[in-house]
Each structure stands twice: as structure tokens, then as C-alpha cells.
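Subject: The structure I promised you

Hello,

Here is the structure we talked about, ready for you to open in your viewer. My notes follow below it.

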Amino acid sequence: MELVRDKRVKDAVMNSTIQNMFERGELRKDHPLQRKPDRWSNSDKEGLIVTIIKGEDIDSIKVCEQLTGNGVILWVIDGLQRLTVLDAYRRGIFKIGKRVEFPVVTYQSVKKDSKGNILRDSYDNYEYELVECDLRGKYYKDLPVELREKFDNYKIDMVKHLDCTDEEIGYHIRRYNKQKSMNASENAVTYMDHVAKEVKRISSNNPFFKNDTYKEAERNNGTIDRIVAESVMCMFHLDKWQKQSKKIGTFLNDNSNKEEFDKLDRNLKRLETIYDEKFKEIFTAKDSFIWFTIFDKFTDLQLDDKRFADFLRHFMDKSGGKGAEAFYGIDKKSSTKDKSVIIKKLNSLEKLMLEFLHIDKSDMEVLDPFSFVKQNVNENVTKEDMEQYEEVLDELTKKVDRSSNLLTDRNRPSLAAMAAYSFMKEIDLDDWIVEFFEKHNTYRFNQKENYQYMRKDLDNFVKRLNSKEKTLKKMIRENRTG
């Protein structure tokens, strides 16, 4: 058994020192698991300022020390609201209101004459007096210098947890907020110690969340974080859907990755370019993740994003009325976050979207490459043959743009068929596939039609090569005879 040294220290730090530490980046108040500041009412803020000026006690703030490759980071994990309020008052963001309790403060000051000179008694000692100051309506700059100094020099107890891991920081945040008003969305983020930074990156920085669809309160109370988490869950892990925000957070922490969040981030930036203020009726805090998932399905169609905007308008106007009515009626008798309800909503919207875009649902299905090759290339193909085709295809596609839409799972059957066809005809695909990917980034959803198109392109490619080869041989013969 090994003796564990104390990992907690307590110190008293002046208010001005803490604010300077923030400005210098020595103390951080933006940990991904931490909820956002500016959650207090005006009366709460003003009450805190008066408390500090009077020298009354407040709760200690809690800090987690984390050692990283770039140095030591000090994260504020409890007391963020208090510290940001003190900083805002010091910077003149707000003044003390008229309804604050016990607004008059008494302090000692040296006596001065009418010209501002300090008065002394017969023994040459300073003379003092008690002065009353009514704090109501005063900004920081309006305070007497004695009270400004009292505010700046107020000592705040700081409890520091040393050498913390990501998991320990999440644990401490949950522990300190168990008896406080951390809501379900904010609490859920504390279980995402591995991916919270991805959630916050999108919720705080993506331009889509800065439009008039979302209220300021939703940006500050964790609602946008919840929408981001629900969207990734719905887009990539619908089969494991969880109703509770906490369970979603726990699942994503163990199973999601940066690439999934990157995809959502890109999609939202695309949505922002086609956003219309009328769409705020659709992108509500309740249904946003549903619509983000539908747009993700739309991106597979390889159409101009303006067509999705057209679909949204169609959904909202009378021509889409029946579909809209059906969509909003799905959750009338069930919870809006039930898995069955979400699937029904997604199916309803996808059906409406494909009908509007005149796309056959059957063409959207992901086919089995083996069955497709058997039906369209060689009915005698074996599993062993397919393994060889797949290996060849994997090698061939290493030479092309890996972000191409041609490499989606839905287009895999026709590509596998091309590999099978090349074996039958003894054709080398190396040069053709590079040229084809350079010229194309979209494909026909009907895989049979797409295979036939690629095969025709390959045949023409081979003819061009043969023609060039014949021309070259002819030129060589003519030069020799000449």
C-alpha cells in the first residue's frame, strides 16, 4: 500500500490578482466541461458586489491544476459565475441597482479641507472621520478610492486540486454542482471529458448557432451543447439512441470521435449559407437535431444546398402542409425524445424530401457488392474472387482523392463491379481510375446505371490508349523506313 500525498491546497488570493491572472491566461475559465458564465440575475450580481465591498464572506472558488505538454493550466471549476460578475463590475459593464439590500456602506477616511489638503491634529497625526456611501447607481469608477481598494483587495479563498486528469476535473465539477442549479444539459457535458471540447467548439464558434434562431438564454444554459450532442448521436449512433442527456453524454464520450463532430460542423456551416430567418420556425431547440440529421442525409444526394432550402420552404408552406402536419403530430402521444418517435420523424421527413426532389427511395439503398457483381458482371463469381476484387480496389483508391463522394458506401457496389470487369477483360485500372476521379465527384444513385456509365468510360479510355499506341508504332515504322 502506497501513501497518497494531499492533492489539495487552500490559499487566499486578492480579487484584483485573480482578475489579472485571467487576463494573463494563468487562470482559465473556459474548460469544456464548465457551464457558461452570465447565468445570474441582475439582483444576484448586484448583491455579490455589495457583499464584497462590505467585506462580507463568500464561498471559496475551486480550481483544478492540470499538467500538460505546454505547461500548467489552472481551470476554474466552481465559482465561475462569481468571478465573471466581479470582473464585469470592475470593467464598468453594470452598476449597482436601486433595489439592492442595505445599500449604505460606512468606511473610515482621512479628513481634508475644502482645498483637498489632509488635516492633522496638534500632534501632527492624521485626522479621520467615518463616511457613509450609498452604493445605489454606482459603477466601479464612481466608488470612493477607499472602496475601490477594498473591492480590489478583497481576499477570495481558492481551493486548488493538484495534478488533475480530465476525468478528475469532470468528477469535481459534478461534485461541486450536486446541490446547485446545474441543469440536465450542463450536467451531461461533464460526462464528456474526452469530447466536450468538440461540443464546445461547435456550440460556441459555429456561425449557425449565432443567428436569430436561438435565444441568448439557450446559448448560456447549455441548450446548444445539448443540441450538438443529440445531433452527433442521431447522425451516427441512432441505433444506440438514449433519451436522457446524461446517457447521451456518457455514450458519446466512449464511442464518438473528432471526425463525427467535424462532419456536423461542416454541415452547419453549409446550412448557414442558405439560412433564411423564416427557418427559425423549424430549427427549434426541440427539433434542430432532427433537421441536422436530415440535412446530413441530403448531403449524400450531391445536390446544390439551395435545393434543401427549397425543400424547407416547401415544408413550411401550404404545399407541404399535410407532411408538416403529420410530422408535428408524431410526438403528440409520446415523449419527443423516444427512439421510436425520432425514427418516425426522420422517416417522415426523408420521404417528403425525396418526393420533393423526385428521387426514388430504392436508389438510395446500400447494396451488397457481392450480390451486385454476381447480377451485373459475372454470375459465377465466388467469395474468394470478391475478396481479391476488394483488395485491388482498396489499393487503386489509395491514389485518388480520399474525400471524393465516389468513395461512399452507396457507390461501393459499382466500383467493385469495375474491379471484377477489369479482371474479366484483363484491363489495368490504375491510370483510368485516377483520371475518372479527377473528372467526377458525383455518381448515379442507381448503381446499375452508374456501373454501365463507368464501364463505357473505361472502354473509351482503353480505345484512346490503343489508338495512341497504334499511332506511335506507325510513327516508329515510318521513321525506320524513311
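Let me begin with Lys337, whose side chain makes a polar contact with the side chain of Glu230 at 2.7 Å. Please keep in mind throughout that this is a predicted model. Lys337 sits in the loop between α14 (321-329) and α15 (339-357). Even so, Lys337 counts as buried, because its relative accessible area is 14% and the cut-off for buried is under 20%. Setting aside neighbours within four places in sequence, the residues in contact with Lys337 are Arg226, Glu230, Trp241, Lys243, Lys286, Phe289 and Ile342. Glu230 therefore appears both in that contact list and as the polar partner of the Lys337 side chain, with the lysine itself buried at 14%.

A second loop residue worth a look is Ser60, found between α2 (42-54) and β3 (61-68). Ser60 is buried as well, with a relative accessible area of 15%. Its side chain makes a polar contact with the side chain of Lys62, at 3.1 Å. Beyond the neighbours within four places in sequence, Ser60 is in contact with Asp78, Arg82, Asp157 and Val159.

Now the salt bridges. How many does a search of the whole structure find? The search gives 36, and I picked out a few for you.

- Asp152 and Arg90 meet through their side chains, with 3.5 Å from N to O. Asp152 belongs to helix α4 (residues 145-153) and Arg90 to helix α3 (residues 80-90), so this pair ties together parts that are 62 residues apart in sequence. Asp152 is buried, with a relative accessible area of 14%, whereas Arg90 is partly exposed at 23%.

- Arg219 forms a salt bridge with Glu216, and the closest N and O atoms are 3.3 Å apart. Both residues lie in helix α8 (residues 216-220), three residues apart, or about one turn of the helix. Arg219 is buried, with a relative accessible area of 18%.

- Asp296 and Lys263 are joined by a salt bridge between their side chains, at 2.8 Å from N to O. This pair links distant parts of the chain, 33 residues apart: Asp296 is in helix α12 (residues 288-299) and Lys263 in helix α11 (residues 258-273). Asp296 is buried at 11% relative accessible area, while Lys263 is partly exposed at 22%.

- There is also a network: Glu198, Arg201, Lys258, Asp262, Asp265 and Lys269 are joined into one by salt bridges that share partners.

Next, the cysteines. How many disulfides does the count come to? The count is zero. Cys64 is in no disulfide, and the nearest cysteine sulfur, that of Cys164, is 3.7 Å away. That pair does not qualify because a disulfide needs the sulfur atoms within 2.5 Å. Cys64 is buried, with 0% relative accessibility. Cys234 is another buried cysteine, with a relative accessible area of 3%.

On the surface, you will find a nonpolar patch formed by Ile118, Tyr126 and Tyr128, with about 290 Å² of accessible area together. Of these, Tyr126 is in the loop between β5 (104-110) and β6 (128-134). Tyr126 counts as partly exposed, at 36% relative accessibility.

The loop between β5 and β6 also holds Asp124, which brings me to the backbone. Most residues other than glycine have a negative phi. Asp124, however, has a positive phi of about 70 degrees although it is not a glycine. Phe102 is another case, with a phi near 45 degrees, a positive value in a residue other than glycine. Phe102 is found in the loop between α3 and β5. Is Phe102 buried or exposed? Phe102 is exposed, with a relative accessible area of 64%.

If you would like a place to start in the viewer, try Lys337 and its polar contact with Glu230, then move on to the salt bridge between Asp152 and Arg90 and the patch of Ile118, Tyr126 and Tyr128.

Best wishes

Conventions. Residues are numbered from 1 along each chain as its sequence is written. This is a predicted model: local features need pLDDT of at least 70, side-chain atom pairs count only at pLDDT 80 or more; totals for chains, interfaces and linings use all residues. Side-chain values use heavy atoms; hydrogens and water are left out. Helices (H or I, at least four residues) and strands (E, at least two) are DSSP runs, numbered from the N terminus. Buried means under 20% relative accessible area, exposed over 50%, partly exposed in between (1.4 Å probe, protein chains only). A polar contact is a pair of N or O atoms within 3.5 Å; within protein, one must be able to donate a hydrogen and the other to accept it, and residues adjacent in sequence count only if both atoms are side-chain atoms. Contact means heavy atoms within 4.5 Å. Patches are made of residues with over 30% relative accessible area and no salt bridge: like charges are joined within 9 Å, nonpolar side chains (Val, Leu, Ile, Met, Phe, Trp, Tyr) within 5 Å. Accessible areas come from the Shrake-Rupley method with a 1.4 Å probe; for residues, only the protein chains shown count as cover. A salt bridge is a side-chain nitrogen of Lys or Arg within 4 Å of a carboxyl oxygen of Asp or Glu.
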